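Let's take a walk through this one, sheet by sheet, and finish with a pair of helices. Keep the structure open beside the text as you read.

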Amino acid sequence: MAGQVTKKKSAIVSTVTKDRLVSYEKIRNIGIIAHIDAGKTTTTERILFETGKTYKHGSVDDGTTVTDWMDQERERGITIVSAAITTFWDLQTDSSVENGHYRVNIIDTPGHIDFTAEVERSLRVLDGAVMVFDGRTGVESQSETVWRQANKYNVPRICVLNKLNLIGADFEGAIKSIHERLGANAQPIQLPVGFEHELHGVVDLIKMKAFTYKDIEDNHLTEEEIPSDMVDMANQYREELIEKVAEYDDDTLNKYLEGQDLTEADIKRAIRKGVISGKFFPILGGDNRMVTVRTLLDAVVEYLPSPVDLPLVEGTDPRTNEKISRERNNEAPLSALAFKVMTDPHVGRLVFVRIYSGTIKAGETVYNPTRKTSERVGKLVLMHADQRELVEEAYSGEIVAVVGFRETTTGDSLSEQKTPIVLESISFPEPVISLAIEPATKTDQEKMGLALNKLSDEDPTFRIKSNQETGQTIISGMGELQLEILVDRMRREFNVVASTGNPQVAYKETIKKPATGEGKYIRQTGGRGQYGHCLVRIEPKARGEGVEFVSEIKGGAIPQSFIPAIEKGVREKLENGILAGYPLTDVKVAVYDGSFHDVDSSEMSFKIAGSMAVEDAAKHADMVVLEPIVKIEVSTPAEYVGDVIGSLSSKRAQIQGTEDRGGMTIVNGMAPLGELSGYTTAVRSMTQGRATPYIEPSHYDEVPANVQAALVAKKLGTPVVR
C-alpha cells in the first residue's frame, strides 16, 4: 500500500498518501463551485501546482488539466464530471487555527447547468466550498443556482473574485452583485492592488499590510505598507469587516465594544465562527496567479470547517423511524453516504462514499439500510482525478471509492446492521428534454442496453424508457449537451454506434379538477374467467408533487392482496399518458370501491381494471398538457438588444427586464423550452457571434390551447385545424 495508516484516538485520524498523517482537525473537504467559465478548474489547477501536487500549470485551453481528465472535457474545454483530488498545505501564520500540515480534499465541479447533478451530490457531502465569481460580471445565473444548492445543504463558503487582472474588472460592482442578487452577508477580507493589467497584489485587511509581486511570472510576495492612495479605502473596508464579524465571537465583541485594538487572531477567530455558522462569507479578490492562490489556501484552512467543527451526524433509525445522531469520529458506529457511481474501465463499478462516522475496511461487509441489503467491500480506493490509490481502511471524515458494491447507488446510506441509520438522501431535478436512440446494427443492440444502464447508474438525471407504441428507446436528461456527451461516451467507452432523433421536449400531463372513474374488466373464454372491478377518484396536487396512490377500501369490497395490482395498473397508465401520450403527474389517485369474484378475480384483471378506471377518471378531470419553462439570459452588446428581445418575444418568451453587467447588456426572460430548439446558433448568427445565451430549467406550466391541440392531434395522427 502506498500510504501508511495509523489509527489513534478520536482526535486523530489516519490519512493518506506518501506516509503523511494529519490530525482530524486538519482535514478540509471542500468543493470549487461557480458559473461556467468563471475559473473553477484553473483555480483547482493552480492550487495543485502551488501545493506541489503537480509540477506544471495545467491549462483548460491546452487540455492539460488534472481534474478535467475525460476526452470530452479536454476537447470542449468544460468540466463534465466532478473530480476528487487530495493535496496538502502548510499553514504558517498568526491564525485562529493551529499552524502546520493540512490535508485538503478538493472536488472540482461542473459549471454548465446540464451537469447540475454533479454539483448537487458534491455539495451534499462536502464540509465547505470555494465560490468563484468572474470579477468582471459578478453574480451570474449559474452562480445563483449553485449558491441556492449550497444553502440547501448548509455548506459554509468563502468567495473569490477571479479575473480581476482582465479588462472590465469591477471589484466593487461584483461585491454589490453578491449582496443584491444572493442576499449574502459577505465582506472583503482583502483588496486588489491595481486593476486589470495593473493588478500586482492584494491588501490584507486583517494584517493591514500589502502583499505585492512584480509581474505574472513573479512567484515571490513582498510584504510592504499599504499604498498611500489605498489607506482610506482599506481603513473603511476593515471597519466594515469588523462590524460584521465581531458578533460571532464573544471575546472579539467585548474588545470591540470596549474600544480595544483587535489582534489578527481575534478577527480571524470571529470570521471563522461566522463562516462555520453559515452566516458570513469572506470575499477574496485577485486572479489565478500563485500569490493569490496562496492567500486562498490560507483562507480555506483558516475559515472553512474541519469535520469536527460541524454538528452531529443526524439521520433516521429505519426500525423505529425516530431521529438519531452520531458523533463524527472513528469510534462511533458507521454512518456514510454513497453520493456518486462511476464505471472505471480498469476496476469496474466504483461507488464514491463520504464517511461521517466510524470506519470501513477492505474485505468487510457493510449494511445498506436504504435498500435493506448487505454489501461486501471489495477494495477501497482513494481517487486523484482519474488516478487510483488502494488503501486498506478508510476513516471518518474521508471520501473514498468502493469497489465491489452491486446494489448501492447514489443517495444510499451505509451503516452497521446492528446500528442502522438512514441519512438525508440527495434530490435531483427532473429531465426536461429527450430523444430517441437506436443501435446502428443488431450487434449494437445488446451492447447499447448495457451501456445505457451503466450511464444511468452514474447520472441520476439521465433516464431511459421504451416507447411501447414505436418500440424506440427514449433517453432523457437536463439538456442537449448532456445527451450529446452521453451518446458520445457510448461510442468511445462501450463501442456502441447509435443514431439519434431530434431532441424532444419532455411535456407532461395533469388535471385541473377532481373526478371519479370506473374500471371493469370481465372476460369469459371457457374455463376460469377474468374479473376485476374498481372505482377510483383522481385529484390535482400542487405542481412538482408527483403521483400519490392511496387505498380507501373498507369492508373488504376488494381484497387487500389485489390493491398493489391496481396501483401498478394506475401508475403504468399515468406513465404512458392519457391525453397526448405524455406522463401524467401531480395527481392523487384513491381507489375507494369495487367488487371481486371468488374464482375469476386475479392480479392481472385488477391491474387492467385499475388502468381503465384511472383513464376514465382523468378524461373527466379537465386534462391539460404542461411544458417546461426555462429561465433564459442573453448577454449581448447594447446595439443588439432590440433584435434579441424581438427574437425572444417571437418564441413566446416573457421578457422580465434588462441590466448592464461587465460591459454587456443582459436580457432576462422566461420562455418555453419547446420554442428554443437551435436558439443558441440563431442568436449568435443574429449578433455576429457576440451574444451568449444561458438557459436554465425553471418550472412547468400549462401550454396555450392551440399548442395543446397540436400535441393531441400529433398523438392521434390527425391534421391540426387552424
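What follows is a tour of two sheets and one helix pair.

Keep in mind that this is a predicted model. Start with the open sheet of seven strands, where the order runs 2-3-1-4-5-11-6 and the pairing is mixed. At its edges you'll find strand 2 (83-91) and strand 6 (186-188); each has a single partner strand, so one side of each is left without a neighbour in the sheet. Going from strand to neighbouring strand, the average turn is 30 degrees, direction ignored.

For a look at the pairing inside this sheet, pick strand 1 (residues 27-34) and strand 3 (residues 100-108): they run parallel and are joined by six bridges. One place to check is Asn-29, whose bridge partner in strand 3 is Asn-105.

Now move along to another open sheet, this one built from four strands in the order 31-32-34-33, again with mixed pairing. Strand 31 (515-523) and strand 33 are the edge strands, each pairing on one side only. Here the average turn between neighbouring strands is 25 degrees, direction ignored.

Strand 34 is a good place to see what "mixed" looks like here. With strand 32 (residues 530-540), strand 34 (residues 587-595) runs antiparallel, and eight bridges hold the pairing. Along that seam, Cys-534 sits opposite Gly-594, while Arg-537 has Ala-590 as its bridge partner. With strand 33 (residues 547-551), strand 34 pairs in the parallel sense, over five bridges; there, Ser-551 faces Val-591 across the pairing.

How do you get from strand 33 to strand 34, and with which hand? The two strands and helix 12 (residues 563-576) make a β-α-β unit, and that unit is left-handed. Back on the four-stranded sheet, helix 12 packs against it, touching strand 32, strand 33 and strand 34, with its direction at about 155 degrees to that of strand 33.

Last stop: helix 14 (residues 641-649) and helix 15 (residues 679-686), whose axes come within 10 Å and cross at roughly 150 degrees. An angle over 145 degrees counts as roughly antiparallel, so that is how helix 14 lies relative to helix 15. The crossing is right-handed. Helix 14 brings Asp-643, Val-644, Ser-647 and Leu-648 to the contact, and helix 15 brings Tyr-679, Val-683 and Met-686. Sorted by character, the contact residues come out as five nonpolar, one polar and one charged.

Definitions and conventions
Residues numbered from 1 in each chain as written. Predicted model: local features only at pLDDT ≥ 70, side-chain atom pairs only at ≥ 80, totals over all residues. Heavy atoms only, no water. Pairing = 2+ DSSP bridges. Right-handed = clockwise from strand over helix to strand, strands pointing away. Axes fitted to C-alpha atoms, helices over the stretch in contact; angles between N-to-C directions. Parallel < 35°, antiparallel > 145°, perpendicular 65-115°, else oblique. Left-handed = near helix turned anticlockwise from the far one by under 90°. Contact = heavy atoms within 4.5 Å. Nonpolar A, V, L, I, M, F, W, Y, C, P; charged D, E, K, R; others polar.
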